[in-house]
Each structure stands twice: as C-alpha cells, then as structure tokens.
Amino acid sequence: MYDKPRFLLAGDRGLLVEFGASIDPEINQKVRHIFLSLEKTPIDGVTEVIPTYRSILIFYDPFQSDPEGLKKEIVDRANSLDKWEFPPPKTTEIPVCYGDNFGPDLEFVAQHNNLTPEEVIQIHTSGTYLIYMLGFTPGFPFLGGLSESLFTPRLENPRQLVPAGSVGIANNQTGIYSVDSPGGWQLIGKTPIKLYDPTSPSPFLLKAGNYLRFTRISIKQFHEIASRYRD
Amino acid sequence: MEIFEVIQPGVYTTVQDSGRFSYQQFGVPVCGVVDSFAYRVANTLVGNFQGQAVLEATIFGPTLKVLNQGFIAVTGGNLSPLINNNPLPMWKSIAIHTDDILQFKGVKSGCRAYIAVAGGIDVPLVMGSRSTYVAGKIGGMKGRPLSAGDRLNRGREIAKAEGHVPSELIPLYPDDREICVILGPQDDYFSKGIEKFFTSTFKVSTKADRMGYRLEGNSIIHRGGIEKSIISEPSVPGGIQVPPDGQPIILLVEQTVGGYTKIATVISSDIGKVGQAKPGDRIRFRQVDIGEAHKILKEEEEKIELITKSLSR
C-alpha cells in the first residue's frame, strides 16, 4: 500500500488514482472505501467512477472540474476515511452444479492437481472469494482467493462459445462467465443464477469489493432455480 | 411513428446516442457514437436535443426506405449519400417524404456517417441509453446492428430547425491525420519508445472497430527491465495501449478494463478523428498538455454553439 495515493492522468477527462502496487485485499478495501465515499457524497463535476484491483478511475467534466482540485479532494478523503461509516462487505452465495456437461474440464483440473473431482469441488466450495473488480464482459467478476491446490493453466485452444453461468479456473483465478462468449478457462461447473440481466431494474448481482462463496447443488436443483427465472 | 424500413443494412450500422453512463463499474462500456462532434451537429441540424439517438453507418452505409415524412441530417464521413439516386447534401437539414430511398454509394472520405432524424431514433432505453452494445446484446435494435427488414421508429419532433453548417466549420477527414494526445498513464514504462511514438507514422490495420484500432508501424519498445503488462485497471476511450509486440492499439468506446500499458491517451475532441480513420489511413501523434487539451475542447463547444445559432428555428 502506498503512503499516499498516486495520481496519473488518463486523458483530458480521466484521473487515475492508485493506492498500491499489488493485488492485495487490503489495498482493494481502500479502493472500495474511496469508491463508496464517492457514491455516498459525490464530488461536483465527477461523472463516473470505476474501481479496480488497486486503482480507481475518476471521470470528470472538464467544464466543471479539474485534476488539481480532484487530487486535493481525494487526498483529503483518503486521510479521513475513519470518519465515514461503510457497510461491511456483502457475501453472495452462488449455487453451482459441478461436473458432467456443465463442467467438462472438472476431470482435467482434478488430474492436473492430483486430486479427485470430489476433492476439487470440496476445495472450490470451501473458499471465500473477494470480488476485486467487474469487467471483461458485463458483470464478470475478477476473484481473489482461489486455493493454490486448484491452479490450472488455461485451455490451449479456447472454446468458441462458453455459456453464461459457466464457472471456470484459469491459472490462479476462478470466475463466472456472465454472458455467452468465447473463452479459454477450464470449466468445472455452471450456476443457474444470472449475474447480468439487462432487463432487470438492478441488472447486476455482484459489486466490486464484496465477496462470494460457491455452494454445491444437484442437477435437479439447478433446473428448479433456472425455471424460476423463466416464470 | 415509423420512419425507415431497412432495405440493406450496410456493413455495420448501429443505433447510438451519447453513451451509457454509470455502469462501467459493472463492466458495461459507454458505447455511444465514436465521432461526437459530427453526432451533435447532426442532432442540432434537425432540432433534436443533445443525447437523442441516431444511426452510425460504417464505410458502406445502409439503404433505407422512408415510411413517413420527416427531417434528417447526414454528417460525419462522406459515404456518398444519395436520396432517390441524387446526391444528398451533407451537414444540412433535409426534408424527406414517404417512399424516398436514402442510400450510400461508397466512402469518399472518413469512415463513419451519422444519420439524425427529427425526433430521434426511438428504440427502448436499456440502462439509461439507446446505444447498441453488440457484445453485451443490449440497446439499439435488439442489441445488434441493423438488419434487412428492420423498421425503425422516430420519436416526436420537439423543435424545428433548418439550415446548414457553414463550410469553414465542416471538419475534413484526410487519409493522413495528426492526433493530439496527453502522455500517460504509463508513460514511465517507456524511455526511447516515447520519442519513437511521436516521430513515427502508423497505419490503421484491418483490425479497427468500435472497441479499438490496432495500428501497424515502428515497434514501441518498453524500457529495459520493466514488466510489459500491468495489473488490470480501468481504461478510457482514447487510451493507447502498447502490448508486448509494440504495435499500439487505440481504445475507443467498448472496453472498460485492460492490462496493457498505455503510453498516451487521445484527447477527447480527437477521438472522433480516430474513428473517422479507416484501414490503410495513416496516423501521427502530437503531444499536448492538459491545459491545451481543455482549450481545444472549449473551442469545439464554441463551434457547436456557433452552428446552433446559425440555424433558423
């Protein structure tokens, strides 16, 4: 973690603020706090904010604001965060049906790590994962906290189509595909839950800075939950 | 009210507005028009308020049959617009009538044309915007580019405007252009690469779309002994990524995060100029500071004000 935030210009409407130089839960918590403070008490002229692993991007309207004023305001906030009350991070449960057609690479992940598929599922569902940020596709979570015993390289040949809801592993990361897209992650299961529903008044299930856990469900439960979306 | 039937969709024609804001934290890019100057002028010419949706046509424009009378304006790159087989004047408000055929013969200059209709293209708002985001399957016509047989509606006309843009205020779209940039955010990952970046001419490759423009030319080399990628961070429209192969990519409007170093960022009033470059065109970069960038932005606002005042209402 840096002693004080580092500021970088990102064009003539963006100010990038870095809080540290690594992927680290403590640095990300700082990102979350500054972000929540900006949501709660916006700064005049700030049009949008994007939180990521260790940095925040502040978009501003150059006719109403300028980088120097923003820098001062962010430094002030970073120094007085203890005056704010932030809600504790939320943990969302993601039900996953592992293996078979939903997780065609479960066997491979097991073999690669000298485990049984059962053990892979047990380890994957025992972790709590920090949602460092969302991106790549709408609602796709970049998660921290995967057990080292499950690290598995990406597929050599990415799939043309990975269905939304697929849960995968790529090196030291685990994640959930939020829309149908091409992808090279090792697929171990699938969730019937929608991470991204553009027609809903709250289109996104997850938020950066919160946590998630995976729970195991049967194929029967999968279809029960999936059918609730259709009704 | 129905306004157009799509006879031929063109190579890539989408409904766009000024963009979808406040969802980038969830991974939804702003989208919206690439050339905001041409877009805003088009709306002004037909009496729309800023932010109403238009059609953005790319290189080969669509063929549209007019279903009801109305007013349109075509701005941006010159894709040779025709109305009933006669040349259609650009940067001018034009009355259209039932059964007129609007089509485009091919690109003369630039890359993207904007077709504004009085009342705006009316498609449902998705997360506060009508912009098409094809990868996210939202906005515009069912989240995709136009296709033959689509019928487009327009909203209610709110104000009348008539007139044309004075020729000295119409931008040129040369094949060889200079783009103004501000250094950073990761200019400290480069040393001699920066000089090379500013003294080279790059060619726009065929990998150029609304997400980004991949350039070809001299390789921009990272400083010795430094990582060639960074921890994924937010990206802004105009960010110029230098991947490990040294061939720059200018990001446009459909990416929210990325892990490549960005040597410089195109100033917002020049993003439209990038989007008006087509494969094969050449691009050079010039460094400006932030004060200069904001001054250029202000001048652009003044131009739009001048155009607005020149129209009769």
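Modeller: Before we look at any residue in this predicted model, we need one cut-off: a residue is buried if 20 or more other C-beta atoms lie within 10 Å of its own.

Biologist: Why is Tyr133(B) called buried?

Modeller: Tyr133(B) has 27 other C-beta atoms within 10 Å, and the cut-off asks for 20 or more, so Tyr133(B) meets the condition and is called buried.

Biologist: Where in chain B does Tyr133(B) lie, and which residues does Tyr133(B) touch beyond those up to four places away in sequence?

Modeller: Tyr133(B) belongs to the loop between strand S11 (121-122) and strand S12 (151-154) of chain B. Not counting residues up to four places away in sequence, Tyr133(B) touches Val28(B), Pro29(B), Cys31(B), Ile138(B), Gly139(B), Gly143(B) and Glu254(B). Tyr133(B) can also be set against Arg20(B): the two are 113 residues apart in sequence, while their C-alpha atoms are 9.4 Å apart in space.

Biologist: What makes helix H1(B) largely enclosed by the rest of the structure?

Modeller: Ten of the ten residues of H1(B) are buried, and therefore H1(B) is described as largely enclosed by the rest of the structure. Among these buried residues are Phe37(B), Tyr39(B), Arg40(B) and Leu45(B).

Biologist: Which elements do the buried residues of H1(B) pack against, and what follows H1(B)?

Modeller: The buried residues of H1(B) pack against strand S3 (54-58), strand S5 (70-78), S10, helix H3 (271-275) and H4 of chain B. After H1(B) comes Gly47(B), which has a positive phi near 80°.

Biologist: How do you know that Ile72(B) is among the residues with the most contacts inside the largest nonpolar core, and what does Ile72(B) contact?

Modeller: The largest nonpolar core has 143 residues, and those with the most contacts inside it are Ile72(B), Tyr114(B), Ile115(B) and Ala116(B). Setting aside neighbours within four places in sequence, Ile72(B) is in contact with Val46(B), Ile94(B), Ile96(B), Ile115(B), Ala116(B) and Val117(B). Each of these counts as a contact because its C-beta atom lies within 7 Å of that of Ile72(B).

Biologist: Into which domains is chain B divided, and how far apart are their C-alpha centres?

Modeller: Chain B is divided into domain 1 (2-168) and domain 2 (176-301), and their C-alpha centres lie 27 Å apart. The two domains also touch, with 19 residues of domain 1 of chain B in contact with 14 residues of domain 2 of chain B. On the domain 1 side, helix H1 (36-45) and strand S10 (109-117) of chain B each supply at least two residues, and by class that side has eleven nonpolar, six polar and two charged residues.

Biologist: How many residues of chain B are in contact with chain A?

Modeller: 32 residues of chain B are in contact with 35 residues of chain A. Strand S16 (229-234), strand S19 (257-266) and helix H4 (290-310) each supply at least two residues of the chain B side, which by class has 18 nonpolar, 13 polar and one charged residues.

Biologist: Why are S4(B) and S9(B) said to pair?

Modeller: Two strands pair if at least two bridges are found between them, and S4(B) and S9(B) share two bridges in the antiparallel sense, so the condition is met. One such partnership sets Lys65(B) in S4(B) against Ile101(B) in S9(B).

Biologist: Turning to chain A, what makes S1(A) and S3(A) edge strands?

Modeller: They belong to an open sheet of four strands with the order S1-S2-S4-S3 and antiparallel pairing, and strand S1 (6-9) and strand S3 (46-51) each pair on one side only. On average, neighbouring strands of this sheet are turned by 20° against each other, direction ignored. S3(A) is joined to S4(A) by five bridges, with Glu48(A) and Phe59(A) as bridge partners. Helix H1 (residues 25-40) of chain A packs on the sheet, touching S3 and S4 of chain A, and its direction makes about 155° with that of S3(A).

Biologist: Which element gives the largest share of the side of domain 1 of chain A that touches domain 2 of chain A?

Modeller: Nine residues of domain 1 of chain A are in contact with six residues of domain 2 of chain A, and the largest share of the domain 1 side, five residues, comes from H1(A).

Notes. Residues numbered from 1 in each chain as written. Chains lettered and ligands numbered in written order. Predicted model: local features only at pLDDT ≥ 70, side-chain atom pairs only at ≥ 80, totals over all residues. Core = buried A, V, L, I, M, F, W, Y, C linked by C-beta atoms within 7 Å. Buried ≥ 20, exposed ≤ 12 C-beta atoms within 10 Å, placed from the backbone. Domains from an automatic or database assignment. Nonpolar A, V, L, I, M, F, W, Y, C, P; charged D, E, K, R; others polar. Axes fitted to C-alpha atoms, helices over the stretch in contact; angles between N-to-C directions.
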